[in-house]
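Visitor: Could we look at this structure together? I would like to ask some short questions as we go.
Guide: Certainly; please begin whenever you are ready.

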Amino acid sequence: MNSSADKKLGLLALTGMVVGSMIGAGIFSLPRTFGGATGIIGAVIAWVIAGAGMYTLARVFQTLAERKPDLDAGVFAYAKAGFGDYLGFLSAFGYWIGSCIGNVSYWVLIKSTLGAFFPVFGDGNTVIAILAASAGIWLFHFLILRGVQQAAFINAVVTVAKIIPIVVFIVVLVIAFKLDLFRANLWGDGSGASVFDQVRRTMLVTVFVFLGIEGASVYSRFAAKRSHVGVATLIGFVTALCLMVLVTLLPYAVLPQGDIAGLRQPSMAGVLASVVGPWGAVFVSVGLLISVLGAYLAWSLICAEVLFAASKTEDMPRAFARENKNGVPATALWLTNIIVQLFVISTYWSTDAFSLMLNLTSAMSLIPYFLVAAFGFMLARRGETYEGDPARTRDLVLAGIAAFYTAFMVYAGGLKYVLLAALLYAPGTILYYWARREQGRRLFTQVELVVFVIAAVGCGAAVIGLVRGWIVI
């Protein structure tokens, strides 16, 4: 059995959790995603908005980690402290189920990447592909059951290994940089769309690639020093942002925008192949597989930890608080991977599973993010933990911007994804009912009942929309 000292994670390991969580599938799809939506000017504006918004959110996580050290479960704990038990549960459930969906998107991309070299995998939804993904799910499952620390160490190693192809990609494109081509791509391909519309098309993908910014916060109970949580979050954020901006902008200097938009995913592979030849596509594809597998490991850890922490604070049924002899929340991990397995099987009937799950993951995660930002704003506005501290005004402004940004992202994603999120949130309340019944506690307050009714109405609207074909997935 591990001692408590053995379980502590240092600054490097925590930073690896943040970078490992963010640098996953998304970064390898950025060239085509942006190339199909906008030119350089629009891309720069999109990253300024996303970078500024996510920076303020990262600062909120840092501030809350320092000012509320007792709330060591991260995302959902802040929502519960600020807005009550039910919204705390919804935050935990939404973050967990969204992360499960994100894990499915990783397997879809892995299978489609292999499909480019081995036709038996097709577009990632053949029977062979699903069987291979299923084997991978349970291989990782039993690896994690051997111990969180062991898995975290592997994640740190993978984080370093997967950044190498990205750095090579950046260096090669800097050397091949063509200024005239870069200038020609400044304003896009002249499709007639306004810059605002071009930027809006990229918003959900910028959210997706930043998911994981709270990785250190979720694992704060394992931190050797509490101060490391905030520092790791900021270091990981800046590192990931720099890499993603370069991967987005540099392709405009080696290919016309129309050519970038026409690449198959992972589009980083096609960009590099256009400069160095076919080996570039193989090199990036290998890097993608390492990257996505590493990100999958990190997110599997986070999923189990969220259920475990929520159960420890009586926001989920007691069953999810059970640990095995290695200190791993085994029951929570089993449920997580069963859900992932079911979603992977469902991809057999999907036409565009990767795109759907990417956008739905973003929508599900934005709601817990908004509640975190709103709690940070509430804390600064009340002056709680500040007592004459001049940082209060700064934190109030940062949290206000973060809350506005996350709320705007929910709006920008569109009604479709709000309703699909409700389709998952409302039935998830069964777990809340189970937990409250175990404790003999009242189910809802009046305000919480209103929230549940809204979620239930949204769920009903989503079902009707899907049946009648108003919502297409």
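Visitor: How many residues does α4 have, and how far does α4 reach from its first C-alpha to its last?
Guide: Helix α4 has 28 residues and reaches 40 Å, close to the 40 Å expected at 1.5 Å a residue. The expected span is 1.5 Å times one less than the number of residues. Helices (H or I, at least four residues) and strands (E, at least two) are DSSP runs, numbered from the N terminus.

Visitor: What kind of model is this?
Guide: This is a predicted model, in which local features need pLDDT of at least 70 and side-chain atom pairs count only at pLDDT 80 or more, while totals for chains, interfaces and linings use all residues. Residues are numbered from 1 along each chain as its sequence is written, and side-chain values use heavy atoms, with hydrogens and water left out.

Visitor: Is α4 mostly covered or mostly open?
Guide: Helix α4 is mostly covered, since 20 of its 28 residues are buried. Buried means under 20% relative accessible area, exposed means over 50%, and partly exposed lies in between (1.4 Å probe, protein chains only).

Visitor: Which side chain of opposite charge is nearest to R59?
Guide: That is D395, 5.0 Å away; R59 is buried yet has no salt bridge. A salt bridge requires a side-chain nitrogen of Lys or Arg within 4 Å of a carboxyl oxygen of Asp or Glu. As for charge, Lys and Arg count as positive and Asp and Glu as negative, whereas His and the chain ends are not counted. R59 itself belongs to helix α4, residues 40–67.

Visitor: What is R59 in contact with, then?
Guide: Leaving aside neighbours within four places in sequence, R59 is in contact with L234, R394 and L398. Contact means heavy atoms within 4.5 Å.

Visitor: Which residue forms a salt bridge with R67?
Guide: R67 pairs with D395, their closest N and O atoms being 3.8 Å apart. This pair links distant parts of the chain, with R67 in helix α4 and D395 in helix α19, 328 residues apart. R67 is buried at a relative accessible area of 19%, and D395 is buried at 5%. In addition, R67, D389, R394 and D395 are linked in a network of salt bridges.

Visitor: Where does A391 lie?
Guide: A391 lies in helix α19, which covers residues 391–413. Apart from neighbours within four places in sequence, A391 is in contact with R67 and Y386. A391 counts as buried, at 13% relative accessibility.

Visitor: How many salt bridges are there?
Guide: The count comes to ten. One of them joins K80 and D315, whose closest N and O atoms are 3.0 Å apart. K80 is in helix α5 (residues 75–83) and D315 is in the loop between α16 (278–312) and α17 (330–346), 235 residues apart. K80 is partly exposed at 25%, while D315 is buried at 2%.

Visitor: What about R441: which residue does R441 meet in a salt bridge?
Guide: The side chain of R441 meets that of E314, at 3.8 Å from N to O. R441 is partly exposed, with a relative accessible area of 36%, and E314 is partly exposed at 40%.

Visitor: A change of topic: how many disulfides does a search find?
Guide: A search of the whole structure finds zero disulfides. For C100, the nearest cysteine sulfur is that of C303, 4.3 Å away. A disulfide is a pair of cysteine sulfur atoms within 2.5 Å, so C100 and C303 do not form one.

Visitor: Is C100 buried or exposed?
Guide: C100 counts as buried, at 0% relative accessibility. C242, in turn, is partly exposed, with a relative accessible area of 45%.
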